[in-house]
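Here are a few short exercises to work through with the model open beside you. Each task is followed by a solution in steps.

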Amino acid sequence: MKKFELSITQRNFAEKWFRRAVTFPLYIVAWWLTLALSPLLLSIALFIDLRRRSRWAALRSTGFLFLYLTAENLAIYLGLGMWLLSGRALGLGKRRYQRWMRTLQRWWGGWLFDGVSKLFGLRFAIEGLDEIERGPALLFFRHVAMPDTSLPGALFVLRRRWHVRHIIKRELLWDPGLDIIGNGLPNFFVRRGQSDNEREIDGVRRVVRDLSDDEAVVIFPEGTRYTASKRRHMLERLKEKGDLALLERARSLKNVLPPRLGGCLAMLEENTRACAVFVAHVGFESAARALNVLNGSLIHQTIRINLWRIPFEEIPRTTEERIEWLYAQWRKVDEWIAAHATAPANGVA
């Protein structure tokens, strides 16, 4: 158990605290600077909005910047306080610390998700969530923009009150909130492009073990945000490898990247009873680039989400069958996106 704990928090103690020595002061100073300069920033944003008539996009974005930095600063202060008061700093109080971290996760995630939704007037049309009442579950999410990384928490932590474990890229640890909460709970931060790939796969397997009925594991199978250029690059890599069968499967996907099989197959191999849930969504494409957000393209967007559940008994048992099954589900995601990307906006809360 000790080995697992070390592998999901940080393999290198010095690396963790070096990173925090950079990010914690940086975010604290950034918050105070933003507060001190807020009259100037708001005046500039107002001037831009009046010139562009962009539905107050600059003012909304400035508001989100302050909201984000406030959430990060509170995560730093509360997280460090919980680390000390729980006894975790001395190697004690693990269960108490994780319980407090789950509370902080719900608050921090809810603050950011609700803040973005209200600032930009987002509406949500969700199908299939009511059919997913119990876990454990393996959650496969599409990824097209940074805001969609909040969907697992919004759907399953806030609405279902589940405990959600994440398998996400290690670069996100430079966000202080994710660093503190992510390392305080059983998540795994993947080092992409490592020569010791088996070590990374083993970390994925460990996160899937011992899931309770109110737990789920989240993975973004594409491994990065979708863009047309990334799709072309991945197809070229598959062509270079000479795997014609996999290349043909990948070419059939137009609106998503082909799933990275290493982590997905490791989850399925380690899974002993969890169902699989696939999550397709449209609406966050307009937030794929920061410039788009500043231009107001995210304002009053309807975020459409569709979830479907596959019982554990229906998940294939062999590797080849799992690859075919995974691509079949991902094609379903792709087809749903194509059918709903230009649908009229009739959002519901």
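**Exercise 1.** Which strands does helix α6 lie across, and at about what angle does it run to β2?

*Solution.* Start with the source: this is a predicted model, where local features need pLDDT of at least 70, side-chain atom pairs count only at pLDDT 80 or more, and totals for chains, interfaces and linings use all residues. Residues are numbered from 1 along each chain as its sequence is written, and side-chain values use heavy atoms, without hydrogens and water.

Helices (H or I, at least four residues) and strands (E, at least two) are DSSP runs, numbered from the N terminus. Now find α6 at residues 151-158: it lies across β1, β2 (137-141), β3, β5, β6 and β7. Its angle to β2 is about 150 degrees, on a scale from 0 to 180 degrees between N-to-C directions of lines fitted to C-alpha atoms, for helices over the stretch in contact (heavy atoms within 4.5 Å).

**Exercise 2.** Trace the sheet and find its edges.

*Solution.* Two strands pair if DSSP finds at least two bridges between them. The order is β1-β7-β6-β2-β5-β3-β4, an open sheet of seven strands with mixed pairing. At the edges, β1 (123-127) and β4 (188-190) each have a single partner strand, so one side of each lacks a neighbour in the sheet.

Next, look at β6 (residues 275-282) and β7 (residues 302-310): they pair in the antiparallel sense over seven bridges. Here H281 stands opposite I305 in β7. Helix α5 (residues 94-119) packs on the sheet and touches β1, β3 (163-169) and β5 (215-219).
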